[in-house]
Amino acid sequence: MQTPRHYTELSEFFQAKRDLFLGLLKESKFTFVPSKGTYFQALNYSNISEENDYELAVRLTKENGIASIPFSVFNINNLDEKMLRFCFAKTDETLIRAAEVLNAI
């Protein structure tokens, strides 16, 4: 709290992280609407796979080391809308590597 810029600049800091991540994914098969007010980005994978979101999240973690959160865990009756949440509160190097893996899908 003694250094105000540590918290007053968080919004711009995380927006830059989001913009980097999405800029790297613009040529991918994922579709998205840029997130606001969070450090998670939702990606729709309906153009990529028919797998349910939980199975795809597990496979991405085991095979590629990319962690995501399936949206169905938040929905009544585990409604699967082919959406995964990815945290972009990471180093730029981690975001670049994640985008490389996701773009290859």
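Me: Why does Glu63 count as exposed?

Reply: In this predicted model, Glu63 has a relative accessibility of 55%, and because exposed means over 50%, the residue is classed as exposed.

Me: What makes Arg59 and Glu63 a salt bridge, and how are the two residues placed in helix α3?

Reply: The closest N and O atoms of Arg59 and Glu63 are 3.5 Å apart, and because a side-chain nitrogen of Arg within 4 Å of a carboxyl oxygen of Glu is what the term requires, the pair qualifies as a salt bridge. The two residues are 4 apart in helix α3, which means that about one helical turn separates them. Arg59, at 31% relative accessibility, counts as partly exposed, and both residues belong to a network of salt bridges that also takes in Glu51.

Me: Why is Arg18 called buried, and what is Asp19 called?

Reply: Arg18 has a relative accessible area of 13%, and because buried means under 20%, Arg18 is called buried. Asp19 stands at 37%, a value in between the limits of 20% and 50%, and is therefore called partly exposed. The side chains of Arg18 and Asp19 meet in a salt bridge, with 2.7 Å from N to O.

Me: What makes the contact of Asp92 with Lys17 a salt bridge, and which parts does the pair tie together?

Reply: The closest N and O atoms of Asp92 and Lys17 are 2.8 Å apart, and because the limit is 4 Å, the contact is a salt bridge, within a count of 6 by this rule. Asp92 lies in helix α4 and Lys17 in helix α2, so the salt bridge ties together parts that are 75 residues apart in sequence. Lys17 is buried at 11% relative accessibility, whereas Asp92, at 35%, is partly exposed.

Me: How do you know that the buried residues of α2 line one face of the helix?

Reply: The buried residues of α2 are Lys17, Arg18, Phe21, Leu22 and Leu25. Seen down the axis of α2, these residues fall within an arc of 125°, and therefore they line one face of the helix. They pack against β1 (40-44), β3 (83-87) and α4 (92-103). As for the helix itself, α2 spans residues 10-25, and its reach of 23 Å from first C-alpha to last is close to the 22 Å expected for its 16 residues.

Me: What makes β1 and β2 the edges of the sheet?

Reply: The 3 strands form an open sheet in the order β1-β3-β2, with antiparallel pairing. β1 and β2 (69-70) each have a single partner strand, so one side of each is left without a neighbour in the sheet. Helix α3 (residues 53-64) packs on this sheet, touching β2 and β3, and its direction makes about 40° with that of β3.

Me: How do you know that β3 pairs with β1 and with β2?

Reply: β1 and β3 run antiparallel and are joined by 5 bridges, while β2 and β3 pair in the antiparallel sense over 2 bridges; because two strands pair if at least two bridges are found between them, the β2 and β3 pairing is accepted on 2 bridges, and the 5 bridges between β1 and β3 likewise satisfy the rule. Looking at individual positions, Gln41 stands opposite Phe86 in β3, and Leu43 has Leu84 as its bridge partner. Pro70 also stands opposite Leu84 in β3.

Key. Residues numbered from 1 in each chain as written. Predicted model: local features only at pLDDT ≥ 70, side-chain atom pairs only at ≥ 80, totals over all residues. Heavy atoms only, no water. Expected span 1.5 Å × (residues − 1). Buried < 20%, exposed > 50% of the residue type's maximum accessible area, 1.4 Å probe, protein only. Arc of directions from axis to C-beta. Contact = heavy atoms within 4.5 Å. Axes fitted to C-alpha atoms, helices over the stretch in contact; angles between N-to-C directions.
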